[in-house]
Amino acid sequence: MSNDARREHAIVNALDSRNFPTAVFTLTEPMPLDTETLESGSTLKVDVVGDLTVKGTTNQVTFSLQATIAEAGIGLIIGSTEIVWQDFGVTPPRAPIVVSVEDRGIVEFQLIVRTS
């Protein structure tokens, strides 16, 4: 996402978001968890491996995750990984107000989870 409509249009076109509105990450290896450290207020850092699909192209990536456990089984998980645009068939977006665009980008997500 961008805070400028011209940049946003370039991003939507580069990712072909009309035809591929979502990216999908699927774990391909078990996520290492030490349940002893999952206490309220604790933070767990772990790397997870899986398949990331962007614009219809799938590659294996590693996301660095940070999970924070809060009261009542509610937690926040944030993750990020760096990708090379062309590995996913994406030509780096261009916009008139941007001098240059890197050949890499960062994929980030946030999840708020609640256990019953």
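Among contacts in the protein chain between residues at least 6 apart in sequence, 52% join residues at least 24 apart. The model is predicted. The protein chain holds 1 helix and 5 strands. Read along the sequence, these elements follow the pattern α-β-β-β-β-β. The chain has 116 residues, and 24% of them are buried. About 8100 Å² of the protein chain is exposed. Carbon and sulfur atoms supply 52% of that area.

The interior was examined next. The largest nonpolar core has 12 residues. Its members are Ala14, Val46, Val48, Leu52, Val54, Val61, Phe63, Leu65, Ile83, Trp85, Phe88 and Val90. Strand 2 (43-54) and strand 3 (57-69) each supply at least two residues of this core. The largest share, 4 residues, comes from strand 2. Val90 is one of the core residues. Residues up to four places away in sequence aside, Val90 touches Ala14, Leu15, Val54, Lys55 and Trp85. Among these partners, Ala14, Val54 and Trp85 also belong to the core.

Aromatic contacts were then considered. The count comes to 2 aromatic pairs. Phe25 and Phe63 form an edge-to-face pair. Their ring centres lie 4.7 Å apart, with 70 degrees between the planes. This pair links distant parts of the chain. Phe25 is in strand 1 (residues 24-27) and Phe63 is in strand 3, 38 residues apart. Phe25 counts as partly exposed because its relative accessibility is 29%, which falls between the 20% and 50% limits. Phe63 has a relative accessibility of 1% and therefore counts as buried. Phe63 also pairs with Phe109. Here the ring centres are 5.3 Å apart and the planes stand at 65 degrees, so this pair is edge-to-face as well. Planes over 60 degrees apart meet that description. Phe63 lies in strand 3 and Phe109 in strand 5, so the pair ties together parts that are 46 residues apart in sequence. Phe109 is partly exposed, with a relative accessible area of 26%. Phe25, Phe63 and Phe109 form one aromatic cluster. Phe63 is shared by the two pairs, and Phe63 is also a member of the largest nonpolar core.

Val107 offers a further view of strand 5. This residue sits in strand 5 (residues 104-114). Val107 counts as partly exposed because its relative accessibility is 23%. Neighbours within four places in sequence aside, Val107 is in contact with Leu52, Phe63, Gly79, Ser80, Thr81 and Ile83. Leu52, Phe63 and Ile83 are among the residues of the largest nonpolar core. Val107 and Thr81 are 26 residues apart along the chain. Their C-alpha atoms are separated by 5.4 Å.

Charged contacts also involve strand 5. Side chains of opposite charge can pair when their charged atoms come close. The count comes to 2 salt bridges. Arg104 forms a salt bridge with Glu82, and the closest N and O atoms are 3.6 Å apart. This pair links distant parts of the chain. Arg104 is in strand 5 and Glu82 is in strand 4, 22 residues apart. Arg104 has a relative accessibility of 42% and so counts as partly exposed. Glu82 likewise counts as partly exposed, because its relative accessibility is 49%. Asp103 forms the other salt bridge with Arg104. In that pair the closest N and O atoms are 3.9 Å apart, within the 4 Å limit for a salt bridge. Asp103 is partly exposed, with a relative accessible area of 43%. Glu82, Asp103 and Arg104 are thus linked in a network of salt bridges.

The surface carries a nonpolar patch of about 340 Å². Ile74, Leu76, Ile78 and Ile112 make this patch. Strand 4 (residues 74-84) gives the most to the patch, with 3 residues. Ile74 is placed in strand 4. Ile74 counts as partly exposed because its relative accessibility is 34%. That value also clears the limit for patch residues, which is over 30% relative accessible area.

Notes
Residues numbered from 1 in each chain as written. Predicted model: local features only at pLDDT ≥ 70, side-chain atom pairs only at ≥ 80, totals over all residues. Heavy atoms only, no water. Patch = residues over 30% accessible without salt bridge, like charges linked within 9 Å, V, L, I, M, F, W, Y side chains within 5 Å. Areas by Shrake-Rupley, 256 points an atom, 1.4 Å probe, with all protein chains shown as cover. Salt bridge = Lys/Arg side-chain N within 4 Å of Asp/Glu carboxyl O. Buried < 20%, exposed > 50% of the residue type's maximum accessible area, 1.4 Å probe, protein only. Core = buried A, V, L, I, M, F, W, Y, C linked by side-chain atoms within 4.5 Å. Contact = heavy atoms within 4.5 Å. Phe/Tyr/Trp six-rings, centres within 6.5 Å; stacked < 30°, edge-to-face > 60°.
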